[in-house]
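Open the model in your viewer and keep the selection panel at hand. The stops below say what to select and what is there.

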Amino acid sequence: MTNIPSRPELATLEAHLGYWLRFVSNQVSHAFGLKLAGRGVTVAEWVVLRELYDAETCVPSALADRLGMTRGAISKLADRLEAKGLAARRADTDDRRFQTLTLSAGGRALVPELAALADANDADFFGHLDPADRVRLEAVLRDIVRRKGLKAVPVD
């Protein structure tokens, strides 16, 4: 008779909180991405547009730092937003290497419409939560972000 080693008991995928966080996160992000795609914008572009909406004008390197993205990623996003007529880069008159990024009039007009889509997406997934549960869930997630020192803004 052959001795077959016994297999250790393993927790199921569903036993991990990370599984459920990722499950919900993927669905929320996918649904939002589809809503944005209907307006010709990606989630990453939305994040940059939303940041620029509050900032008025921003140096790309500062935007990269704030969003936890590389300068190259911000440059590519700026290129795409410029091509879509949603943002513009302006070079400093004294130092042409120094650039700022700003929303175009079209970009400024579009952001509130996209924000309404974000609000609707949130309501679709989390609107059923008791307000106290929603506040608690957000507090727990923010605490995890703080304790782990997470910086990169989720864009995909």
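The tour of this predicted model goes from a surface patch to a helix pair and then to a single side chain.

**Stop 1: the nonpolar patch.** Select Leu17, Trp20, Leu21, Phe23 and Val24, then add Leu137, Val140, Leu141, Ile144, Val145 and Leu150. Together they form a nonpolar patch on the surface, with about 920 Å² of accessible area. Two elements give two or more residues to this patch: helix H1 (17-37) and helix H6 (131-148).

Now pick out Ile144, in helix H6. Is Ile144 buried or exposed? Ile144 falls in between: its relative accessible area is 38%, so it counts as partly exposed, above the 20% limit for buried and below the 50% limit for exposed.

**Stop 2: H2 against H3.** Select residues 43-55 for helix H2 and 60-67 for helix H3. The two helices pack at an angle of about 115°, and their axes are 11 Å apart. The crossing of H2 past H3 is right-handed. Show side chains at the contact: H2 brings Val47, Val48, Glu51, Leu52 and Ala55, while H3 brings Leu63, Arg66 and Leu67.

**Stop 3: Phe32.** Go back to helix H1 and select Phe32. Phe32 has a relative accessible area of 9%, so it is buried, under the 20% cut-off. What is Phe32 in contact with, leaving aside neighbours within four places in sequence? The list is Val43, Trp46, Leu114, Leu117, Ala118 and Asn121.

Finish with a distance. Draw a line from the C-alpha of Phe32 to that of Val59: they are 27 Å apart in space and 27 residues apart in sequence.

Definitions and conventions
Residues are numbered from 1 along each chain as its sequence is written. This is a predicted model: local features need pLDDT of at least 70, side-chain atom pairs count only at pLDDT 80 or more; totals for chains, interfaces and linings use all residues. Side-chain values use heavy atoms; hydrogens and water are left out. Patches are made of residues with over 30% relative accessible area and no salt bridge: like charges are joined within 9 Å, nonpolar side chains (Val, Leu, Ile, Met, Phe, Trp, Tyr) within 5 Å. Accessible areas come from the Shrake-Rupley method with a 1.4 Å probe; for residues, only the protein chains shown count as cover. A salt bridge is a side-chain nitrogen of Lys or Arg within 4 Å of a carboxyl oxygen of Asp or Glu. Helices (H or I, at least four residues) and strands (E, at least two) are DSSP runs, numbered from the N terminus. Buried means under 20% relative accessible area, exposed over 50%, partly exposed in between (1.4 Å probe, protein chains only). Axes are lines fitted to C-alpha atoms, for helices over the stretch in contact, and angles run from 0 to 180 degrees between N-to-C directions. A crossing is left-handed if the near helix is turned anticlockwise from the far one by less than a right angle, and right-handed if clockwise. Contact means heavy atoms within 4.5 Å.
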